[in-house]
Every structure is written in structure tokens, then in C-alpha cells.
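Trainee: Hi! Could you walk me through this structure before I head back to the bench?
Mentor: Happy to, let's take a look together.

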Amino acid sequence: MCQPATSSKPRFLILDGLRGIAAIIVVIFHIFEAYAADPVQQIVNHGYLAVDFFFALSGFVIGYAYDDRWARGMTFCNFVKRRLIRLHPMVIMGSLIGLLTFYFTASPSCPNVATTGIAALLLLFVMCCLLIPSPDTFDLRGWGETYSLDGPMWTLMWEYMANLLYALFIRRLPIWMLALLVLAAAVLTVDVALNINLFNLLTTDRMQINTVIGGWSLTAEQLYIGTTRLLYPFFCGLLVYRLGRRIRLSGGFWWCAALVAAMLAMPRIGGYSAMWQNGLYEAICILLLFPLIVMTGAGSATGVRTSAACRWLGSISYPLYLSHYPLIYMLFAWNRTHADLATPVHIFVGVSVFILSIALALAVTRLYDIPIRRWLTSRFITTATR
């Protein structure tokens, strides 16, 4: 654990490092997604489970960072200010990158991009900066996105919802009630992953069954999937923190990093004929393996070099997650208009997008995210409440 400049508590370095590993896998997943014919055929297939892993990490960290502060007089207003300072600068930066690159993402498969007017684009930019989900009229690519400038921002909408639920209600629950909530959320996770469809909300689309993919649209089905993906991981992470369960493992970061990478890169299981196997795999990851990884990351120690690696990975994880997708939009557009080029050319472009994503995240982290959060903290958070 270490003491960061903008926090009054030490951080769990391994958990920070694992967040960075998951963010890197997300970038790789999205690059491969640009070339996949459908979700079943995609090689690096389960990168979307990083969202559920992020929620589990967030729940644990929220409990660690804030549970004891309420007893010391922290107000709801102060909590909201702290969360906004931590999360929202990158929401604005991700929106800005999406705005500046928007017209470069036009392609025959997304004709509305080229015909979108400046006024509509600026309105969409303001909505993204304010994290207001957009209706279908602003779904400029036809992908069902609520944030067409930076698709992954939909997860921040749910993250904010979890933070508000925690601050207003969940923080007051005793452990046994929190455990009941987590158990009920586990039932929802099984319902979605195995396509049991308890509430008649899930699709029968063959490509979307037996998977937790979804949560980024405002349809009833997508809202149900998003709620389900949020509730169990986030509040299970909080429960893990409150129970104080830790697993100490020598070389814990590297074992956990390898497991996270393998889980998120796992090819689709069961193919087209036995899709239930994929749903079972995802349910096991979310319900069992992610909490175990959080326990291990929180309980294991790091050496000097491992600590340095975890600091670096942790520092770029969130900026990488929210800054890379505009580059993926451009990759999608380029691939649609240059599909006939030789395979080595596509490999070169894919690798270049990955390197550029890392470089952009580093630049954004050092030149924008860290400085602006330090300034906002010094300006709006008093010393007594840090």
C-alpha cells in the first residue's frame, strides 16, 4: 500500500495494478472487436467482463475509503464532491477526445456521422460532459449507444448510480442486510448469464443470449442488464471489504494479473451449439472468481518493483479506459473502408492503435487528470475532510 498525493488513505496497490491490467485487456478486446464477424467468433472474447470486475473493485474501494468517514462527520455533499473530483474530469476529457475525432469516424456503415451538424454535435458533447444519456435520436452509429462520443461512458452512469445508492442507503445497512442484497443480486446475475429470463425482459437474439453483454442503452432489457451487472459486483466488493476477508498469496499480483488476463481474453465457450456453457463461465467469473481476486489483491504484499508496476498501471487505468474508444471508432471506420488490404497491414494498424491508446492515456494522466484533480481537491475539499 502507498500514500497518493490526492488521498488521505493509503491505496491497495495490487488492486490498482489489476485495474490497469483489465483496462489494457479492454483496449485489446475492442481492437479485436473491430474485426469480429459476431461475438461468438471474436478471439479475445470476454473483455466486456472487465466492467463487472471494475464494479467489484469500486465497491471494495468505496467501502475502504468512505465507510469510516461518515462516523467522523462527512456529509453527503462532501462525498459527492469527492467522487466528482475523482471521476468527472476524465468524463469531460473523454467527451472532448470524442468530439475532436468525431468526423474521422465516418464510414459507409455509419452514414449519420458525416451528416451530423455542428449544433447537434455540440449538444451531444454537452450531454456527454454532464453524463446525460441520450435517446435514440442521438444514437449516431446505430449501435444503441447512450454516449456516442465515447461509448464506454455508459459504465460511469452506472458507477455514479452505485455511489449514490451507497451514500443514501446502502452505507447504513448492517452486514446481514448487505449480504441479503448481494444474494438477491446474484440471482439476477444467474438470470441474465444463463438467459433464464425470470422477468421476460431478455432478448431471444442468438448472438446475445447466455452472456452479460449489455447495459449501454435505455431499453427495458438493457436497463435490466446494466442494473444486474452493477448490483452484484459493486455491493459484493463492499461486502468483501466489510467482512475483512483477505487471502495472502506470495506473488499475489502476478498470479491475479495472469488470472484476470486469462479470464478476460478467454474465447467464447460453447460456440453456437452450447451457448449455456458461456453463460455458466461468465456467472462463475462474476459470482466467485472476481471476489476471490479482490480478496487476494487486498491481502497480498508487493515488492519494490511490483509496487512500481502497480502504481503505473493504476495511474493510467481510468484515463486509458475513457480515452481509448474514440480511437476504436476510427479503427472501425478505417477497417470498413480498407477491409481488402493485406493482413499484415491490418495487424500493423491494430498494434498502432494499441500503442497510441497507451500513449494518449499517459499524456492525459500526466498533463490533465492528475493536475486537475489536485487543483480541484485543494480548491473544494477542506483539509479537515480529506
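Mentor: One term before we start: a nonpolar core is a set of buried Ala, Val, Leu, Ile, Met, Phe, Trp, Tyr and Cys residues joined through side-chain atoms within 4.5 Å. Also keep in mind that this is a predicted model.

Trainee: Got it. How many residues does the largest nonpolar core have, then?

Mentor: The largest core has 117 residues. Leu18, Leu49, Phe53, Leu156 and Phe290 are the ones with the most contacts inside it.

Trainee: And what gives the most to this core?

Mentor: That is α2, which gives 14 residues. As background, nonpolar side chains tend to be buried together in soluble globular proteins.

Trainee: Let's zoom in on Leu49. What does Leu49 touch, leaving out residues up to four places away in sequence?

Mentor: Its partners are Val212, Arg229, Leu264, Tyr281, Glu282, Cys285, Ile286 and Phe290.

Trainee: Okay, new topic: charges. How many salt bridges does the structure hold?

Mentor: There are seven salt bridges. One of them joins the side chains of Arg242 and Asp67, at 2.8 Å from N to O. Arg242 lies in helix α8 and Asp67 in helix α2, so this pair ties together parts that are 175 residues apart in sequence.

Trainee: Is Arg242 buried or exposed? And what about Asp67?

Mentor: Arg242 has a relative accessible area of 18%, so it counts as buried. Asp67 is partly exposed, at 21% relative accessibility. The cut-off for buried is under 20% relative accessible area, so the two end up in separate classes.

Trainee: Which residue forms a salt bridge with Asp68?

Mentor: That would be Arg72, with the closest N and O atoms 3.1 Å apart. Asp68 is partly exposed, with a relative accessible area of 31%, while Arg72 is exposed at 56%.

Trainee: Which residues are joined into one network by salt bridges that share partners?

Mentor: Arg11, Asp16 and Arg19 are. Within that network, the side chains of Arg19 and Asp16 meet at 3.2 Å, N to O. Both of these residues lie in helix α1, three residues apart, or about one turn of the helix. Arg19 and Asp16 are both buried, too.

Trainee: Switching to cysteines: how many disulfides does the count come to?

Mentor: The count comes to zero. Take Cys129: the nearest cysteine sulfur belongs to Cys128 and is 7.1 Å away. A disulfide needs two cysteine sulfur atoms within 2.5 Å, so Cys129 is in none.

Trainee: Is Cys129 buried or exposed? Same question for Cys310.

Mentor: Cys129 is buried, with a relative accessible area of 12%. Cys310 is buried as well, at 0%.

Trainee: What about the surface? Which residues form a nonpolar patch there?

Mentor: Val187, Ile196, Leu198, Phe199 and Leu201 form one, with about 450 Å² of accessible area together. Phe199 sits in the loop between α7 (175–193) and α8 (220–243), and at 47% relative accessibility it counts as partly exposed.

Trainee: Last one, then. Where is Val40 found?

Mentor: Val40 is in the loop between α1 (13–33) and α2 (49–71). With 11% relative accessibility, Val40 counts as buried. The C-alpha atoms of Val40 and Tyr272 are separated by 7.2 Å, although the two residues are 232 residues apart along the chain.

Key
Residues are numbered from 1 along each chain as its sequence is written. This is a predicted model: local features need pLDDT of at least 70, side-chain atom pairs count only at pLDDT 80 or more; totals for chains, interfaces and linings use all residues. Side-chain values use heavy atoms; hydrogens and water are left out. Buried means under 20% relative accessible area, exposed over 50%, partly exposed in between (1.4 Å probe, protein chains only). Patches are made of residues with over 30% relative accessible area and no salt bridge: like charges are joined within 9 Å, nonpolar side chains (Val, Leu, Ile, Met, Phe, Trp, Tyr) within 5 Å. Accessible areas come from the Shrake-Rupley method with a 1.4 Å probe; for residues, only the protein chains shown count as cover. A salt bridge is a side-chain nitrogen of Lys or Arg within 4 Å of a carboxyl oxygen of Asp or Glu. Helices (H or I, at least four residues) and strands (E, at least two) are DSSP runs, numbered from the N terminus. Contact means heavy atoms within 4.5 Å.
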